[in-house]
Amino acid sequence: MTDNKSVPNVNEEEIAKFEQIASQWWDLTGDFKPLHQVNPLRVQFICQHIAEQKQELFSKNVIDVGCGGGILTESLAKLGATVTGIDMGAEPLNVAKLHALESSLTINYEKITAEEKAQQCNEIFDMVTCMEMLEHVPDPASVIKACAQLVKPGGLVFFSTLNKTVKSYLLAIVAAEKILKLVPDGTHDHDKFIKPSQLIAWAEESQLKCIDASGIHYNPVTENHKLAANLDVNYILCCQKV
């Protein structure tokens, strides 16, 4: 695991990749179209688990780790949460700040790593989200540990990423990048995909108990996403801090 006091847990090539296309974050037909399409499902999954805790997002203190241009961040703010979004890409954060301003939303955006933020803000957030970010950092276990440090005891942490399977390689890289051009070529590296069992093991090491998991499935014909039991490509987890 990366020593979070010395070497930042950042892949500069990944940061540069998203900096180059940052202007497209809020283009519903551009490179980030799949994120816009899947975002309502993520919000649904989050709200479902907040409701099961007999709580609501309104006035909750939430942090979105790896927020990019703020697609999920804004959705949470619109539901009444007090939201902080953190990322290491300067351009995506600039886009996020401008869009929040245009949307009359108050969101605190910061250029900082999850590890650094965890040192500043130990156990102060009611909920943490970390979506499609773990596969873009050198040490995902370090980010998971930081997320656990950020959330209050009993609070929820949500992770989404890609499973390391042959099917995920064929669908997320060959189909989505090479054939259908749904996302830019080179967006994903199959070697960095993470099996759910591995993610859950890292979470448990950081006192996070996985309480639910769901697959996110895409139909290229209808361009619709749905939640399903099979975790073989994209998946989302809900964890609770012990």
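Which residue in β8 is the bridge partner of T161? The partner is Y235, and the strands around that pair are a good place to start.

This is a predicted model, in which local features need pLDDT of at least 70 and side-chain atom pairs count only at pLDDT 80 or more, while totals for chains, interfaces and linings use all residues. Residues are numbered from 1 along each chain as its sequence is written, and side-chain values use heavy atoms, with hydrogens and water left out.

**Strand β8 and its neighbours.** Helices (H or I, at least four residues) and strands (E, at least two) are DSSP runs, numbered from the N terminus. Two strands pair if DSSP finds at least two bridges between them. Strand β8 covers residues 234–241. Its antiparallel pairing with β5 (residues 151–162) runs over 7 bridges, and its antiparallel pairing with β6 (residues 208–219) over 8 bridges. On the β6 pairing, I216 stands opposite N234 of β8. Of the 8 residues in β8, 6 are buried (buried means under 20% relative accessible area, exposed over 50%, partly exposed in between, with a 1.4 Å probe and protein chains only).

**Helix α3.** Here 7 of the 8 residues (71–78) are buried, so the helix is largely enclosed by the rest of the structure. Among the elements covering its buried residues are α2 (33–52), α4 (90–102) and β4 (125–131). After α3 comes G80, with a positive phi near 100°.

**Two serines with positive phi.** S59, in the loop between α2 and β1, has a phi of about 70° although it is not a glycine. It is exposed, at 54% relative accessible area. S104 sits in the loop between α4 and β3, and its phi is near 55°. S104 is also exposed, at 67% relative accessibility.

**Salt bridges.** The whole structure holds 5 salt bridges, each a side-chain nitrogen of Lys or Arg within 4 Å of a carboxyl oxygen of Asp or Glu. The table lists some of them.

| Pair | N to O distance |
|---|---|
| K17 and E14 | 2.7 Å |
| R42 and E132 | 3.7 Å |
| K117 and E110 | 2.5 Å |

R42 lies in helix α2 and E132 in the loop between β4 and α6 (140–150), so this pair ties together parts that are 90 residues apart in sequence. Both R42 and E132 are buried. K17 and E14 share helix α1 (residues 12–20), 3 residues apart, about one turn of the helix. K17 is partly exposed at 24%, whereas E14 is buried at 8%. In the third pair, K117 is buried, with a relative accessible area of 6%.

Terms used: Contact means heavy atoms within 4.5 Å.
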